[in-house]
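User: Let's go through the aromatic side chains and the core packing of this chain. Please keep the answers short.

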Amino acid sequence: MMTTSIETDQHEDELRSRPGALRWLGGRWPSIAGAAVAALTMTGASSGSDVAPVVVASGAVYLGSAALQRRTAAWPMFLVTFVLVGVRLAVPDFKASWWMLVLVGVLSVYGLARGAVRPTWGLPLQAAAMLALAAVALPAEGAGEVWAGVLVSGALLAHAGWDVVHHRAQRVVSRSLAEFCAVLDTAVAVAVLVVTFS
């Protein structure tokens, strides 16, 4: 479990140490990908309530990774949430947030059964963060345009800070995922504010 996480971080460090353009791309690909996914997310969104499932997804990725006790599980978790959010943007009646909450509920039970209650910054802290994010995102899905925009952008900016903390501490998720999410969360939060108040 730890070996896989260490190998992933070593691979990321090797990419960053390459010369020239390869080094730049190797060092910044998570940021570039985060900006691209943010742009893609906003093409299908017309308000903060459309983007509210992204708030739930941001917590689900961390909680799923903590429940599985693998930092490398963060990317597969992201892909699952990406698909669910994409379906939500294409089919407005699809309850992506609720499906993600069911998924992380199942993963939490699995993690607890495997003893993931320790360390406290793992599953316990990520579950608390998930509850806080869901408590903002779910009401935002049915709120008026201004309130939804403010709630969603505030939650995403707070989670961007969460990403930075985990990137620096090298805990719960891989560093590449934390960097990717920090850019994604920030870019979507700013875009939601612009859409809300323009």
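User: Which residues do ring pairs link into a cluster?

Analyst: This is a predicted model. A search of the whole structure finds 5 aromatic pairs. Ring pairs build one cluster from Trp 29, Trp 75, Phe 78, Phe 82 and Phe 180.

User: Is the pair of Phe 78 and Phe 82 stacked, tilted or edge-to-face?

Analyst: Both residues sit in helix H4, 4 residues apart, or about one helical turn. Their ring centres are 5.6 Å apart. Stacked needs planes under 30 degrees apart, and edge-to-face needs over 60. The planes here are at 35°, so the pair is tilted.

User: Is Phe 82 buried, partly exposed or exposed?

Analyst: Buried requires under 20% relative accessible area, and exposed requires over 50%. Phe 78, at 10%, is buried. Phe 82 has 32% relative accessibility, so it counts as partly exposed.

User: How many residues apart in sequence are the parts that Phe 78 and Phe 180 tie together?

Analyst: The ring centres of Phe 78 and Phe 180 are 4.9 Å apart, with planes at 75°, so this pair is edge-to-face. Phe 180 is buried at 2% relative accessible area. Phe 78 belongs to helix H4 and Phe 180 to helix H8, so the parts tied together are separated in sequence by 102 residues.

User: Which helix gives the most to the largest nonpolar core?

Analyst: That core has 46 residues; Leu 156 and Val 51 are among those touching the most other members. Helices H2 to H8 each supply at least two residues. The top contributor, with 12 residues, is H3.

Note on methods:
Residues are numbered from 1 along each chain as its sequence is written. This is a predicted model: local features need pLDDT of at least 70, side-chain atom pairs count only at pLDDT 80 or more; totals for chains, interfaces and linings use all residues. Side-chain values use heavy atoms; hydrogens and water are left out. A nonpolar core is a set of buried Ala, Val, Leu, Ile, Met, Phe, Trp, Tyr and Cys residues joined through side-chain atoms within 4.5 Å. Buried means under 20% relative accessible area, exposed over 50%, partly exposed in between (1.4 Å probe, protein chains only). Rings of Phe, Tyr and Trp (its six-membered ring) pair if their centres lie within 6.5 Å; planes under 30 degrees apart count as stacked, over 60 as edge-to-face and the rest as tilted.
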